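Biologist: I am new to this structure and should like to understand the terms used for it. May I ask about them one at a time?

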Amino acid sequence: MKDKSILIEKIVKRILWFLLSMLILSIAVFYFARLAPGDPLQSYYGDAVESMTSTELDAARVRLGLDGPIAFQYVKWISNAAQGDFGLSLKYKMPALNVITPLIGNTLILGGVAYILVFALAIILALFCAMHEDTWIDRIICKVGTAAYYIPAFWLGVVLVLIFSVNLGWLPSSGAYDIGKSNDLPNRIQHMILPLTVMILSHLWYYAYMIRNKLLDEIRKEYVLLAKSKGCTKSEIVIKHCFRNVAPTIVNIMAISIPHVLSGTFIAEAVFNYPGIGALSVTSAKYHDYNLLMLIVMITGVMVVSSSIIAQFINEAIDPRMKLTEVSAWKETSQTNSL
Amino acid sequence: DKKSTDGSDLSNTLVYAGEADESINPIINKSELSNIIFSGLMKYDATGQPIVDLAESYTYDEGSMTYTFKLRNGVKWQDGEPFTAQDVVFTYDKLTKDTTLSASVLSNYTDITKVEAIDDKTVAITLSQFNAAMLNNFTIGIIPKHLLDGQDLTTASFNQNPVGTGRYKFVEWDKTGATITLEKNEAYYDKIPNIDRVVYKTVAVENTKALMLESGEADLAWLNANYAEKFRGKDGYTNIDFTTADYRAVSMDYRTDFWINNKDSVGVLNDAIDKDAVVKSVLNNEGCTAYSPIQLNAFGGNTAADIYSYDLNKFAQEMQTLGWVKGDDGIYERNGQKFHFTIQVRDYEEERIDIANVVSKQLKEAGVDMEIVLVTKFDWKSGYNGFLSGYAVEFDPDALYAQFTTDGSANTMKYSNPVVDNLLTQARHEKDVTARKDLYGQFEVAFSQQPASVLIAYLDGNYVSISGLKGLDTKRVLGHHAVGVMWNIEDWTLSK
Amino acid sequence: MRSETILSVSHLKQHFQINKDFIIKAVDGVSFQIEKGEVFGLVGETGSGKSTIARTIMGIYPATQGEVCFKGNKISDKKVYHKYKNDIHKNMQIIFQDSAAALNPRMTVEEIIIEPIIVNKLIKDKKEIQKKVASLLLEVGLDDTDKNKYPTEISGGQRQRVAIARCLSTSPDLIIADEPIASLDVSIQAQIITLFQKLQREHGFSFLLIAHDLSIIKFICDKVGVMLNGRIMEIGPTEEVFSNPTHPYTQSLLSAMPVPDPIYERNKVLINYDVRSAIKEAEMVELSPKHSVLNNFQSLVV
Amino acid sequence: MEGNFSDQFVVVGANYKTYQVKVKKLTLRERITGKPIISIIVLGIIILGCVFAEQVYNHDPTSFYLENLNEPPGSEFYFGTDSLGRDIYSMIWYGGRVSILIGLLGMAIITVIGVVYGCLSGTANKEIDSIMMRIPELINSIPTLLLILLLTSIMGAQNILKISFVIGITGWCGLARIVRSEVRQIRSSEYVIAAKSMGGGFFHIMKKHLIPNFISTIMFVVVSSIGLSMSMESTLSFLGLGLPVDVVSWGSMLSLANKALLSNTWWVIIFPGIFLITTLVCITNIAYYFRKETNKRESYL
Amino acid sequence: MEEPMLQLKNLSVSFDTKNGEVEAVRDVSLSLNKGEILAIVGESGCGKTVMSQSVLKLLPKTSRIKQGRIIVDGEDITDYKEKDMRKLRGGVLSMVFQDPMTTLNPTIPIGKQITESIIKHNKVSKEEAKKRGIEMLNLVGINKPEEMFSLQPHFFSGGMRQRCVLAIALASKPKILFADEATTALDVTVQAKILDLLLDIRDKTGISIVFISHDLGVVAKLADRVAVMYAGKIVEIGTAEEVFYDPRHPYVWGLMSALPSMTKTGKSLATIPGVPPVMLNPPPGDAFAVRNKFALAIDYDKMPPMYQISPTHYAATWLLDEKAPKIERPILLKRMD
Ligand SMILES: Nc1ncnc2c1ncn2[C@@H]1O[C@H](COP(=O)(O)OP(=O)(O)OP(=O)(O)O)[C@@H](O)[C@H]1O
Ligand SMILES: Nc1ncnc2c1ncn2[C@@H]1O[C@H](COP(=O)(O)OP(=O)(O)OP(=O)(O)O)[C@@H](O)[C@H]1O
Ligand SMILES: [Mg+2]
Ligand SMILES: [Mg+2]
């Protein structure tokens, strides 16, 4: 009974926090985006804006929601957004939502698969390394992993294209699928192999190393000794005992790593000419396409904030101690999460 | 047959890799696709002369300054609706009356005072004064009234779903796959193309186009000279090198104080730039040095305008004459002002960055500090002193009017030279062709003496295709970014 | 002459609000006094609130209710605390259980010892400070060469001596020692206890000694309070409490105290005390002028 | 020595002889094992080369040798030239300076912001702390690249300072979190409580207790942030958000990858890549070392 | 005589560290009979933990058994590899650690942690294992074991957790239980209960227990025999009565007199000056000599042998040598009434 009311209260609290974060985020981005020098009208009209009269310009601003003080613009934007109208993309000259819709799927598929693979592999690698801490194999994996992580993703992409598309001709160099094959799964997978490889190689070690270190901390805890004195094998201890205990941390890392992996799709999309919102967001920022930018930021924001809420619930299921404290996902993870 | 409709049989589909486009609409922007989906009253022939297209014939009445177009019979929009004079009126009304529209072509049509449909198949267009380039301007594609009436042309969903009267009809814009599919217009009123379908793949990065050609994902693409070089002599590929009227220049922004004060010192920069070296290195010799903006136009090419040459001694002398003195850092100074100016260069155009780099270095050695700022889109408000420009005047030289006359609609550099204004206005309204050519020749000289920009080089249009693609005709001088390659697409054949 | 009361704690409550529905009543109405030169012992099991009392007295946590008077000043009041801040900082010092945690590992022994002097700006002259350090080291039985070592480089017993030296450096009137020897070896424990005894005898320091080892309390304390669940169950002169434990909890605690005597130990019978049997509303009952017990059990016959 | 029995069995009491614990003198080899010596040496060489670039290079790194386009490595141009005839060898030393400078500046900004913010948050009360911790959380919910894009477009033309600033200002969150949790831990540690109860003020505690104690923990992050800043710079160059074109850096050299690989001039791309990756790996090795040092406990496995 | 359950013969264990060899256990011999409780006392760092963990081979890789043999239930396990040890651990040898708060895996239900070992060693079904697990919880005195079975450790108090740890250790019916400071972290009242429980279990199951502690009081309650360690060596071993009432080694005297409960209130404690030695290259003679006011000259040079005082009582001090001067023991344990 009491548990239930606590749960409801918690959910309400989370949702409120969620809304508040999105509000703050949108205000901040809205404001900062508009600080940039350069005329958004130029994105819309191109160089023709030069020859427009000031009345024409004013009229255009009103039409595009670019008139009045920023606060006024924001209020207009948010009240429209609340009704599902995210405004016109200045560059693409159609509703921002329409620009995003055909592309978001691509990014989610690419990012999602990369995300799953990165973490699946990272966990496997981390478990392996933790079990073989400080042996030659662990050291080699650490060194190779570090190097792979530091190879600039764009560079790696180009090298892969050169080898696998140009020289060997095994894999396509660009796009999401071949012409007319949008429903052909094998074809889609083929197109994803290279971008995925780049994304995995450039993220894998970051997370593998993080998880490995968490596991190393864990195998220094006393319960490991108890498990060992029970007669458990090394792998049983690491997988059944330690891994379970770092799982909440991993879930948290996963929750906050979404923007990181998304950043990865930016580069993969650029290198492999893979249509998606990654490349789109770069363009939208460069072209002062405010509405598009806001929409993209809102989408990633929603994904991150909601996934950290989900992460918290998952964690409570794994580890009931978490219920006692309101842990923010961000506090839990170590290392810098840049890029 | 069924195979060709399921989309995966590409044996008679031309895959073209090109730059990304936001909308396909001849009024908003001229692109390869809008050229073949839409058709205008007139079109260009192989030599770049306007000939009739949707119009069966036309007459010009000098007294009333009225063009009367007789339209073809039986032309249908690609959605099946009949094409009528109302569509023409609608299009030209848009071009002349719609205030929400702001396209760079608009100033070509300011001379039009009245457009009316005399009957279903006849349109009369009245001008305020004679305009020698008007027939050129009538090549603009006609848009369907029944689909666009009452809509905002800039944002209409039509732009992503165009319906025209051209050789190819729009099938699908697959944004997820970044392809635009066209199918040949079986109901086309003229020669129906051989190639069933054209798939336009939009590509953001230049080298991707080359990669796609290499890996067989594209059949035809325009590459920069360096990438095109890779395919030369390679099995299975053909290099098709067009001449283009596309030149690169360092254009100055005369709004900025620096050039207001130093207008006299633009031309002299030509002497300090080894344009040959630029052509050889950056352009891989695919192009030529430039001295006039209409050097390769039928009306241009007055060698008398070629008054500069790479000569550092001469440069030094000229600079001295102009009153510039070298400072301690090796940079010229005058009236306490360094010869330092900034130019903006768009970051996605490799050859422009390279040109800017080399030119900047050469100028630096001569004592002029040209600073390069990379931008994604040109910004006219941040006070840069210039930009690395590219223009092409491939058809009527009247295009110069918008660019170089004071207050011209494309005069982004705010260049103002009364002599040029005068010559270009005269030429615009000159009916006699030789007299016109003479006027443009004079313009070239006048321009050279007080140039708006330091012209560097003309670029060749280096297309690369798979060997199975035949029929591309290099007779035509192409435009900016080598646009116009598909001018005779109906004659192309493809075998893969 | 009536002895001077150095610290008096009355009806002190310290409640921690964990969340809306959950309050930990770490200290729930505790009163006691410490006279000058007296050693007052607090015993009780883990979580009974001993450390919380110590910290509340030190002003680390603001008291929820009740008052703490140091030398007659009600320092649980913020204003009063600020007024007497300097005096409190100088005259009330604390020693913690875990010497490794209580000494900054990045400071040398010397730096640690002089920290209170520096912070309170008691001595300014460098030479004087040097002298002070030497005398303090001598006092707690450390070698002069130890002063440049870091806490990790010396043993636990030595560390605890450093902690003691630090707290002696301002010659405080009251030393609060929160389980100062629990982490030490038997042989070292004896050394530290002896040191405490010496200090008390020679300087007349007053001590609030917190421990859970009854034998030590019995050995060194003049007065003892037995705590359970944030309340004092029994308080009185050590002799009396140990010879005449009245509260069943005290009895159970005493019976559980291990004695190094195999035969005695094997035959000893534990006295169990079920906390749940306690009566909620209860008052302290005086058994003798100084010995009182919390009357929350049935069988008390006064 | 076979002494006299009765001598030996005489009570002499404690401390009759002192016994000095023999601590093994470590050989040089033992002292350096486990330390990232090779990384330090290699990094040292690279840094020295970059610092004394003027002495090391044999061509003007900013010149275009238009007669020598795409020259393969040889005796004239050790690492070859690129498509505009720039000497790769000279550019590497010259450009390394910029890259390393950006790395260091980025690190400095990350460290300053991270430490100050972390300390403030760590010492603040619960409410302020929880608000302060939400801010990096929010910042982190936008992809960093997008954030950097936004900032660069706000700031206009790039230069070394600006780019380091942008990298720094988007990269401090992780460090701040670590500092905060360290400060939280340290500030509830008993030596800080003791210092407080003896009247130590905030700055005293900060200077004497907090900073010296978390410095070793954050070394790992601090050192890695040099590498992260450097690799971020190269990514930005690739996305066209890098330094002005006339400023040579490893990032800007690498971003020519696309072009060079298509024209088979591998040297243009391999050499800066090798230098960048080697430097980053060295830096990371050093960082890993710091990390290991702070966690020396033995594994129970 | 019955074969002892555990025998250590001249066992020495060292660690290789950067600064040299740490001789944590030096030449230790002892034996443990079935159903016997042997207590090992000694100060921090004297090698108690290392000695017991070396039997289960739980020590880190830097350690090595320098000499000696370990014989468990008649079987020499000194050279057993990890794989063989795994069968012994939990099944024959079992261990309880000091801190019940950290030795349990916080995220795994208690029941699962108990049955893990049962399933491992006995090849029984899950239900069977659960039944046994509940039995075990019952045995260690946990109320409502069925309910507790599926709860995670954080629902339990310290004393209950230590009972759970005990249940885990006993789950697959080991023959020898090592309890390394198993009650140190607990309150005296809880500690006393756990000690009773251990005695009870010994009586019920006949298990042999090695009980490690530094608290002489606790040892007095529990131990049949007591071994006192100092600096990696056993300095005195004997039955509890012998060691407590008739200690022979000056270190044990020192320990006893340092106990407050052995001293009259008001008197000052007899302290042992100095600190225990570092185990890095320990001195050649008796390591306690430097702190020993009764040290003989020979103590500084030569390791004393084990002198036998009674069939069960041994001590390693030169004072027991016939040539040594007779020394009055400073204190005599007065037996409590
Ligand atoms: N800052 C705090 N916030 C919330 N609860 C606290 C805090 N400090 C102590 N408590 C709680 O108050 C109770 C009493 O704790 P305290 O540390 O005073 O006990 P103790 O008698 O000193 O125990 P120990 O013998 O383990 O030191 C415990 O339940 C503890 O969890
Ligand atoms: N992994 C190790 N590496 C090096 N030396 C070690 C290691 N583990 C223990 N030692 C050393 O071995 C000696 C004995 O340690 P051990 O843990 O057995 O002592 P203990 O008697 O159990 O002490 P405590 O009462 O503190 O638990 C100590 O001097 C310790 O420093
Ligand atoms: Mg406490
Ligand atoms: Mg131990």
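Biologist: Which element supplies the largest share of the shell around ligand 2?

Modeller: The helix α1(E) supplies the largest share, 3 residues. Helices (H or I, at least four residues) and strands (E, at least two) are DSSP runs, numbered from the N terminus. This is a predicted model, in which local features need pLDDT of at least 70, side-chain atom pairs count only at pLDDT 80 or more, and totals for chains, interfaces and linings use all residues. Residues are numbered from 1 along each chain as its sequence is written, chains are lettered from A and ligands numbered from 1 in the order in which they are written, and side-chain values use heavy atoms, with hydrogens and water left out.

Biologist: Why is the site of ligand 2 called shared between chains?

Modeller: A residue is near a molecule if one of its heavy atoms lies within 4 Å of it. Residues from chains D and E surround ligand 2, and therefore the site is shared between chains. There are 16 residues around ligand 2, and S44(E), G45(E), K48(E), T49(E) and V50(E) come nearest.

Biologist: What makes K48(E) and V50(E) partners of ligand 2 in polar contact?

Modeller: A polar contact is a pair of N or O atoms within 3.5 Å; within protein, one must be able to donate a hydrogen and the other to accept it, and residues adjacent in sequence count only if both atoms are side-chain atoms. A backbone N or O atom of K48(E) lies 2.9 Å from an oxygen atom of ligand 2, and for V50(E) the distance from such a backbone atom to a ligand oxygen is 2.8 Å. Each pair therefore meets the limit of 3.5 Å. On its own, ligand 2 has 630 Å² of accessible area (Shrake-Rupley method, 1.4 Å probe), of which the protein covers 70%.

Biologist: How do you know that E179(C) is in polar contact with ligand 1?

Modeller: A polar side-chain atom of E179(C) lies 3.2 Å from an oxygen atom of ligand 1, and the contact is therefore within the 3.5 Å allowed. The backbone takes part as well: a polar backbone atom of G47(C) is 2.8 Å from an oxygen atom of ligand 1, and a backbone N or O atom of K50(C) lies 2.9 Å from one. Taken alone, ligand 1 exposes 630 Å², and the protein buries 66% of that.

Biologist: Which elements of chain C supply at least two residues each to the shell around ligand 1?

Modeller: They are β1 (5-19), β2 (22-35) and α1 (50-58). The largest share, 3 residues, comes from α1(C).

Biologist: How many residues do chain A and chain D each bring to their contact?

Modeller: Chain A brings 69 residues and chain D 57, where contact means heavy atoms within 4.5 Å. Of the 8 pairs of chains that touch, chains A and D have the most contacts. Chain B and chain C, in contrast, do not touch, with their nearest C-alpha atoms 50 Å apart.

Biologist: How many salt bridges and polar pairs cross the interface of chain A and chain D?

Modeller: A salt bridge is a side-chain nitrogen of Lys or Arg within 4 Å of a carboxyl oxygen of Asp or Glu, and the rule finds 0 across this interface. The rule for polar contact finds 2 residue pairs, both at pLDDT 80 or more. On the side of chain A that touches chain D, helix α1 (residues 2-35) of chain A gives the most, with 8 residues.
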